[in-house]
Amino acid sequence: MTAQLIDGLALSKQLRAEAAARAAALTAQGHRPGLAVIIVGDDPASHVYVRNKVKACEEAGLHSLLERYDAALSEAELLARIDALNRNPSIHGILVQMPLPKHIDPHKVIEAIATSKDVDGYSTLSAGELMTQLPGFRPCTPYGCMKLIESTGFDLRGKHAVVIGRSNTVGKPMALLLLQANATVTVCHSATPDIGHHTRQADVVVAAVGRRNVLTADMVKPGAVVIDVGINRNDAGKLCGDVDFDGVKEVAGWITPVPGGVGPMTIAMLLVNTLESAERSLKSA
Ligand code: NAP
């Protein structure tokens, strides 16, 4: 059996087109949605990520405010900038690109972002809202994974989902979202002795580790939905995920490729969260 491909690029384009329509409707009411992106220092990869986020905003008609700071910016100065953005009514989402220079505490910075503008969903309050099913913002990558699963028409209710990885930004929120969709969820991590024992019973597997071949064909139940969050390089330097794609696609029912799977969804969900924030602020105005 050859799995059907879950095309994250196509789905993200559709979501971005829908985002553009929502942004146009808000702008017509004099309430253009705005995202502020802060980057500190000169990490080249971070600059590429930030450029892509700003470009996606502009293409969808959102206002984007890019603030670039030298690595010497102090923590107090950064916190003051966040405070100003928290109070700026034309900004509905605030994102601080990680990593930050070592002298700045990333936790302090994330916690300084108003929960109503935390479109990355990384703060402890946002995490608490997700945990207790309050209407906060879901972290973009797991939220995008849920959209990818939804796009297959697969009903998660009563199904067994296995998440490999338990980071605060991907694995844990992913497990919570699957639980909220009524799946029975198992979380595996670096201390799990036999991951295959769990994944072989899974209807859905989400791999979010950052290591090649964490999931191989012998670890997958025939017909399962496989979502690959990982970003790695193979021996030839080509981008690849955590899943042995060529082997697993012969067993799984559905599979995301890397690149072109989860990656494009993350930016699309950032736009969705920013629009949601702008719509909420208009309602409460
Ligand atoms: P992370 O913070 O490093 O977490 C990795 C998780 O994998 C940890 O929970 C770790 O377990 C677990 N792990 C490590 N080795 C393992 C092993 N051999 N078997 C099972 N579990 C193992 O990484 P992350 O931020 O969650 O990201 C995971 C991957 O997704 C990375 O490749 C990252 O680049 C990618 N990513 C992609 C996107 C996207 O948009 N496509 C977005 C975010 C992340 P312990 O907790 O026990 O250490």
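Select Arg212 to begin, a residue in the loop between S7 and S8 of what is a predicted model. At 36% relative accessibility, Arg212 counts as partly exposed, because that value falls between the 20% limit for buried residues and the 50% limit for exposed ones. If you now show its surroundings, leaving aside the neighbours within four places in sequence, you will find Arg212 in contact with Asn232, Arg233, Asn234, Asp235, Cys240, Gly241 and Asp242. Of these, Arg233 is worth labelling, since its C-alpha lies 8.0 Å from that of Arg212 while the two are 21 residues apart in sequence.

Stay in the loop between S7 and S8 and move to Asn213. Its phi is near 55°, a positive value in a residue other than glycine, and with a relative accessibility of 43% Asn213 counts as partly exposed.

**The whole chain**

Zoom out and switch to a cartoon view, in which the protein shows 10 helices and 11 strands. The radius of gyration is 19 Å, close to the 19 Å that the globule rule gives for 285 residues, so the protein is as compact as a globular protein of that length. Along the principal axes, the C-alpha trace spans about 55 × 40 × 35 Å. Of the 285 residues, 48% count as buried, and among contacts between residues at least 6 apart in sequence, 70% join residues at least 24 apart. With a surface display switched on, you are looking at an accessible area of about 13400 Å², of which 54% belongs to carbon and sulfur atoms. Colouring by charge brings up 28 positive and 29 negative charges, whose mean positions are 2 Å apart.

**The open sheet**

Next, select the six strands that form an open sheet with parallel pairing, in the order S1-S11-S8-S7-S5-S6. Strand S1 (4-5) and strand S6 (184-188) stand at the edges, each with a single partner strand, so one side of each is left without a neighbour in the sheet.

Within this sheet, go to S7, residues 204-207, and show the side chains: Val204 and Val206 point one way, Val205 and Ala207 point the other way, and all are buried. Strand S8, residues 225-228, pairs with S7 in the parallel sense over four bridges; here Val204 has Val225 as its bridge partner, and Val205 stands opposite Val226. The side chains of S8 can be displayed in turn, with Val225 and Ile227 pointing one way and Val226 and Asp228 the other way, and all of them buried. From S8, two bridges in the parallel sense lead to strand S11, residues 254-255, where Ile255 stands opposite Val226.

Return to S7 and step to strand S5, residues 160-164, which runs parallel to S7 and is joined to it by four bridges; Val163 of S5 stands opposite Val206. S5 is also joined to S6, again in parallel, by five bridges, and in this pair Val162 stands opposite Thr186.

**Helix H7 and the residue after it**

Now select helix H7, residues 171-180, whose buried residues are Gly171, Pro173, Met174, Ala175, Leu177 and Leu178. What covers these buried residues includes helix H5 (124-131) and helix H6 (140-151), together with the strands S5, S6 and S7.

Follow the chain out of H7 to Asn182, in the loop between H7 and S6. Although Asn182 is not a glycine, it has a positive phi of about 70°, and at 38% relative accessibility it counts as partly exposed.

**Two cis peptide bonds**

For the last stops, display the backbone atoms around Pro99, which is found in the loop between strand S4 (93-96) and helix H4 (106-112). The peptide bond leading from Met98 to Pro99 is cis, with omega near 0°. Then move to Pro259, placed in the loop between S11 and helix H10 (262-283), where a cis peptide bond with omega of about 0° joins Val258 and Pro259.

Notes:
Residues are numbered from 1 along each chain as its sequence is written. This is a predicted model: local features need pLDDT of at least 70, side-chain atom pairs count only at pLDDT 80 or more; totals for chains, interfaces and linings use all residues. Side-chain values use heavy atoms; hydrogens and water are left out. The radius of gyration is taken over C-alpha atoms; the globule rule is 2.2 Å times the number of residues to the power 0.38. Buried means under 20% relative accessible area, exposed over 50%, partly exposed in between (1.4 Å probe, protein chains only). Contact means heavy atoms within 4.5 Å. Accessible areas come from the Shrake-Rupley method with a 1.4 Å probe; for residues, only the protein chains shown count as cover. Lys and Arg count as positive and Asp and Glu as negative; His and the chain ends are not counted. The place of a charge is taken as NZ of Lys, CZ of Arg, CG of Asp or CD of Glu. Two strands pair if DSSP finds at least two bridges between them.
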